[in-house]
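Thanks for coming, everyone. Let me put the structure up, and then we can walk through it.

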Number of protein chains: 4
Amino acid sequence: MVGGGQHAFIGAIHRIAANIDGLIELHCGAFSSNPETSKESGKELFLPESKCYGSYAEMFATESGLPKEQRMDFVTIVTPNFAHFAPAMMALEYGFHVVIDKPMTLSLGEAKQLQQKVKETGLILCLTHTYSGYPMVKQARKMVADNQFGKIRKVMVEYPQGWLSTLSESEGNKQALWRTDPSKSGISGCMGDIGTHAAQLAEYISGLKISKLCADINIVVEGRNLDDDGNVLLKFDNGANGILVASQIASGEENSLKIKIYGEKGGLEWHQMEPNTLLVKWSDAPAQIYRAGNGYLSNIATFNSRTPSGHPEGYLEAFANLYKNFALTLLSKSEGKEPTEEMLDFPNADDGVRGMAFIENVIASGKSDQKWFDFNI
Amino acid sequence: MVGGGQHAFIGAIHRIAANIDGLIELHCGAFSSNPETSKESGKELFLPESKCYGSYAEMFATESGLPKEQRMDFVTIVTPNFAHFAPAMMALEYGFHVVIDKPMTLSLGEAKQLQQKVKETGLILCLTHTYSGYPMVKQARKMVADNQFGKIRKVMVEYPQGWLSTLSESEGNKQALWRTDPSKSGISGCMGDIGTHAAQLAEYISGLKISKLCADINIVVEGRNLDDDGNVLLKFDNGANGILVASQIASGEENSLKIKIYGEKGGLEWHQMEPNTLLVKWSDAPAQIYRAGNGYLSNIATFNSRTPSGHPEGYLEAFANLYKNFALTLLSKSEGKEPTEEMLDFPNADDGVRGMAFIENVIASGKSDQKWFDFNI
Amino acid sequence: MVGGGQHAFIGAIHRIAANIDGLIELHCGAFSSNPETSKESGKELFLPESKCYGSYAEMFATESGLPKEQRMDFVTIVTPNFAHFAPAMMALEYGFHVVIDKPMTLSLGEAKQLQQKVKETGLILCLTHTYSGYPMVKQARKMVADNQFGKIRKVMVEYPQGWLSTLSESEGNKQALWRTDPSKSGISGCMGDIGTHAAQLAEYISGLKISKLCADINIVVEGRNLDDDGNVLLKFDNGANGILVASQIASGEENSLKIKIYGEKGGLEWHQMEPNTLLVKWSDAPAQIYRAGNGYLSNIATFNSRTPSGHPEGYLEAFANLYKNFALTLLSKSEGKEPTEEMLDFPNADDGVRGMAFIENVIASGKSDQKWFDFNI
Amino acid sequence: MVGGGQHAFIGAIHRIAANIDGLIELHCGAFSSNPETSKESGKELFLPESKCYGSYAEMFATESGLPKEQRMDFVTIVTPNFAHFAPAMMALEYGFHVVIDKPMTLSLGEAKQLQQKVKETGLILCLTHTYSGYPMVKQARKMVADNQFGKIRKVMVEYPQGWLSTLSESEGNKQALWRTDPSKSGISGCMGDIGTHAAQLAEYISGLKISKLCADINIVVEGRNLDDDGNVLLKFDNGANGILVASQIASGEENSLKIKIYGEKGGLEWHQMEPNTLLVKWSDAPAQIYRAGNGYLSNIATFNSRTPSGHPEGYLEAFANLYKNFALTLLSKSEGKEPTEEMLDFPNADDGVRGMAFIENVIASGKSDQKWFDFNI
């Protein structure tokens, strides 16, 4: 693990997600750019001191020199955005597979280089767009792919949070501090942090690609350095239209990612905060409540569940599904087998490039007087 | 009543709404442009034949000649949009107050003339934007006006319906037929029919005015003559941003008008289909469920309720609130008293003009390559 | 109308319910046992003074002497329980049909006499168990009757309210005063007031009859004279079991009547406070959300709706359905036609007898050490 | 681990729950009474063959002989009910702490012996009543304990499942097979399996003890050998009344445990299937939605959460909280420190005895003609 030392948020989440299924064990870490903090953090995680490295460069060099049985199998990178690219490139060069938090890099250019390196090395990169790990999201994607709703016509995705309603970066909130700092986060705050999740979810479920957008990007809280809010009109490659809202100043909201998709014959609706329910609507019949863990679900949904119906799984299990599928893919490959389609169902470097392209396009559109922007990669 | 003959939808709704509180009685009608249909319709409504007129012109002329005790007190116009202006103008000229369905006229020009006539005559015009008649909408407006949420920053309003998901105007659906016919409906279908409701609700609750917009207006179902879908970016006069979605091709949706408004300190959420609940969110405290009929509500909400808490009121009662307030206003004036603020709380000719301006601006923006359009009246 | 003068609750509800469909007009009233109050009340309702009687006896005598065209068609009795029997008997004796609030009488003995009188006279009595007037309740009943769920096995009905959480009868609450006074309400408070609604709803939807019960009846608030809370085990005539909870000390609850019924193949759930939704559950398929106003509903549900789907109807419309069906029945009979099954779908004197039997049995069981009590009539 | 071999349900759940927080590692197991199956199961769990024992007796003997660093720290028993007592007693005798699934034993007598053994040895026993591990359940308990609702007056708990709606034990369902077999499950099916959860939850949140009960216990599906359904009237030690429903023939229900508690000033409501929400109701103010992960929660709720608000945790995390608190207690003790109150917040042998007493009392009441049964231990 690179990053994720004491008091970090997402590092702890990654460790739980990796633990859940008993397939992955924390082996070593460069938890902080400060070697002392790294060692302290590792100790709290029951790691021997020898496995707490002072830098990721040292970790890669040392681990790659160990016999296969003793060295780490892959690297997880959970640093802020600006510190994704260098360790990821180096990990791939040393021959390690990579798990990396989204957005993949600081810029689209970096993302393309990383994508290229992945292709060259044939290694596996997993990008943790958590929300596509939920079983009912996979059920939704499958029902759309099976053409149950006819041609998709409209996609509405919204992702309101309220935690940046005040200038919390000036009030000692560490999460706020780096996420609103262009040197750490890149050219976008809100759109990079959560807008990318919304866009990825919309494309993942609908099977469509955003082809044009028209963005209203805002800094609502005075004194902030990056966008904290935005509304985006969308066009998709099949002609469908859509809307994407992401906001971190929606005061009183927690993490309220919701998506509605409409086709010719019906539609579906999913709320991340009640993730085990998928609402399926029909133009001429009662709506249906699809629920996780039931026998009537598709295989892909079942493959990504652990509990019987009515025993709710949540965010950590969705996250764990990314890790599980990634781990099963590695396991399969290590046994010389082709991973199944179900195992390969996790976001990868191509999704990372699309995510970075979304950020660059949406921010450019926000600054422009031109109405419709082509989604360029 | 002008219009609202046999098989008409909104005419029946108006009659129920007017009946509920026992303040208004159906006195006479020109229910159809066909005198026979008019008489038949009136008979079904227990009207004597003498009160079923063959035309509104005849009705106004005859009624205005009767002694005050025997003539109608006001006119309700429930015809399709194209047939609003002429009877409304004539009614005002004859000295009758007017209730009129939205959108107020076929064009902004007509709306301004009607507004002018209302001013000149001093008569009362009530425009039936039903959704602003709900008690919890009034509670929401009051809480915003009382500055409970601080400055309003964001408004999200959506109004998806699914009933035009197919080309039902070609399948004998009468409602679909006139609503998608430019000669009957005007320049807009969906935006005129339901987009105006959404815009009015957003302005009514927030107390803000739309100042700019950027619209994506679509005809999704092939062969249709007017828009059936649209997404609009909004700017309000206080700098807040917003989004408005209206669609009649959201397959599987009934009449799912929802609004979310966010201020500095919290926000609120209201769903028309569960109208007795107002969700109030706070940045630092548990969200609250305000419910109709409770003692903790503001006076204006209570004034517009009839039942104790937990005894749900609905669409017809919201509609009836417009009629009740209008009737109480007339009653007050007839007794030489000034109507109270609560009585005067119904949409009027000024709202009608804003509604028509919304339609003209949103359609013009939809056709334009310019990103932001000023909201011109 | 007998009762329902100024400041009365249920009288106003009855008038609105009767108004809604334009089939019924308030003709005259004995609104209070105080002639002055009766006149004042009538005046507020726009009745001429001659139609405001000083007593119901006077009203019946006078009205029955008028020509058919000028006299009232039926009597509505909205007085407290103790004052139901005498005016109802007298009305029937004078040849008037009767609408009467539940519970029908003060005792089972009275109820049986009234039932007998109804049979003898051939007149129509409508008992206003409002909740069976909701369209989705009728849909539920139809689906059970159509055997969609197989044999019914279990019924869970609960009716918590919180308005008697304190000793409000000693704090000037008029509703609380008579409802907790044995001389006005009879032998039961909570079970008579709302337990009867719950029992009627359970039997109405399930098509079953309660055959045994075991009751825990409580006076929770110290100083109260009648039960304000109770839990009851039930057995039904087909062997199904059930549970009925009614409470008026469920602090924080409004009027939260809910019912769940389970059969061999699935079940259903309905909440009075969101009455346009009926949840239908299946053992091997996704649950379905049946919604009022849709084309897929049964005729009986549609017959009891006024608005398109998504335009919520509520308590007053459910109440109005009782009046509408009653009025259509009278109209039919007055035209010499047999009323249809749909018209006759309102609670009648037989239901009133069952309701009074429920009260007597449940209170007797509550006082007894015997576990199971036969439901005796 | 004792039990939990291939295809077992609850064993896998225990392993995930133990994994989540990285505090516990699977060390060894006697996964099946069949040594081959035990080895196979262990292999799938990445255990070396030497750690897959053929019997729990062998495992205890061998492990207890190892140096402290190399031996297991505690035993988890996840066998069917009939096979809880013997391994638990033996484990304690060998000096191992114990985690055991509920109900604790096959009979109340066994439970008391186990409780006695725990006292004698001073070892720790954790009983996995999962539902008391949810953060919002702990929040609820704290609010009641803080007297926010005044004296508790009424408790309504229901636990409907539908998975035994047919005679699935005769259709090859292994879970159904042992759970409906008296020799494996004891004297009760439904009440032992889920009724105990409901009773424990009611007592845990309310802080009250059941003092009397009156039970209707049913075998609904013909041919079944143990109860699959029951309704129970309750009295609590402070005079409050209540109702407990548990059913496994509630066709179409998943795992729908719900609880409502009412005090003098308000009440609360929690649904296991949406566990991150706690509804708090007030007699004179809007209801509040308490949500997991927020700053306004009590310490005990926060201590049992892992994710920020809006990132849902579920059943596995609730289960993991029991393990985490148990592990922290062991850790504390191993470091010679007194565990904190928060660490000790998991069900123990005393709760196990109450659970077994509930089963014996409720079944005895079900068979009796006596109305009220004292809750005897």
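**Rings, interfaces and two single residues**

Both Phe74(B) and Tyr323(B) are buried. Keep in mind that this is a predicted model. I start with the aromatic rings.

How many aromatic pairs does a search of the whole structure find? The search gives 56, over all chains. Take one in chain A. The ring centres of Phe319(A) and Tyr323(A) are 6.3 Å apart and the planes meet at 20°, so this pair is stacked. The cut-off for stacked is under 30 degrees. Where do the two residues sit? Both are in helix 11 of chain A, residues 315-334. They are four residues apart, about one turn of the helix. Phe319(A) is buried, and Tyr323(A) is buried too.

Now back to chain B. Phe74(B) and Tyr323(B) also make an aromatic pair, and this one is tilted. The centres are 6.4 Å apart, with 45° between the planes. Phe74(B) belongs to strand 1 of chain B, residues 74-77, while Tyr323(B) belongs to helix 11 of chain B, residues 315-334, so the pair ties together parts 249 residues apart in sequence.

In chain A, look for the aromatic cluster. Its members include Phe74(A), Trp270(A), Phe319(A), Tyr323(A) and Phe346(A). Tyr131(A), Tyr134(A) and Tyr159(A) are also among them.

Two rings have a charge over them. The charged end of Arg141(A) sits over the ring of Tyr204(A), 4.4 Å from the ring centre. In chain C, Lys324(C) lies over the face of Phe303(C), and the distance to the ring centre is 4.7 Å.

**Chain A against chain B**

Next, the interfaces. The size of an interface is often given as the accessible area lost when the parts come together. How much do chain A and chain B bury between them? About 3200 Å², with 50% of it on carbon and sulfur atoms. In chain A, the residues that lose the most area to chain B are Arg153(A), Ser251(A) and Lys371(A). Together they make up 20% of what that side buries. The contact takes 48 residues from chain A and 48 from chain B.

There are eight salt bridges between chain A and chain B. Here is a salt bridge to find on screen: Glu158(B) with Lys260(A), at 2.5 Å, N to O. For polar contacts across this interface, the number is 28 residue pairs, both residues at pLDDT 80 or more.

Which elements of chain A give two or more residues to the side that touches chain B? Among them are strand 4 (152-160), strand 5 (210-218), strand 6 (229-236) and helix 12 (349-367) of chain A. Strand 6 of chain A gives the largest share of that side, seven residues.

**Chain B against chain D**

Now move to chain B and chain D. The contact takes nine residues from each: nine from chain B and nine from chain D. The buried area is about 730 Å², and carbon and sulfur atoms give 73% of it. In chain B, Pro286(B), Ile289(B) and Tyr296(B) lose the most area to chain D. Together they account for 63% of what that side buries.

How many salt bridges are counted between chain B and chain D? Zero. Two residue pairs are in polar contact across this interface, both residues at pLDDT 80 or more. On the side of chain B that touches chain D, strand 11 of chain B, residues 287-291, gives the largest share, four residues.

**Two residues to click on**

Start with Ala301(C). Its place is in helix 10 of chain C, residues 299-303. Is Ala301(C) buried or exposed? Ala301(C) has 0% relative accessibility, so it counts as buried; the cut-off is under 20%. Leaving out residues up to four places away in sequence, Ala301(C) touches Pro135(C) and Gln139(C). The C-alpha atoms of Ala301(C) and Lys142(C) are 8.7 Å apart, with their positions 159 residues apart along the chain.

Then Lys281(D). This lysine is in strand 10 of chain D, residues 277-282. Lys281(D) has a relative accessible area of 5%, so it is buried. What does its side chain meet in chain C? The side chains of Lys281(D) and Glu253(C) are joined by a polar contact of 2.4 Å. Not counting residues up to four places away in sequence, Lys281(D) touches residues including Ser251(C), Gly252(C) and Glu253(C). Within chain D, Phe149(D), Tyr262(D) and Glu269(D) are among those touched by Lys281(D).

Note on methods
Residues numbered from 1 in each chain as written. Chains lettered and ligands numbered in written order. Predicted model: local features only at pLDDT ≥ 70, side-chain atom pairs only at ≥ 80, totals over all residues. Heavy atoms only, no water. Phe/Tyr/Trp six-rings, centres within 6.5 Å; stacked < 30°, edge-to-face > 60°. Buried < 20%, exposed > 50% of the residue type's maximum accessible area, 1.4 Å probe, protein only. Lys NZ or Arg CZ within 6 Å of the ring centre and 35° of its normal. Contact = heavy atoms within 4.5 Å. Buried area = accessible area lost by both parts, 1.4 Å probe. Salt bridge = Lys/Arg side-chain N within 4 Å of Asp/Glu carboxyl O. Polar contact = N/O pair within 3.5 Å; in protein donor to acceptor, adjacent residues only side chain to side chain.
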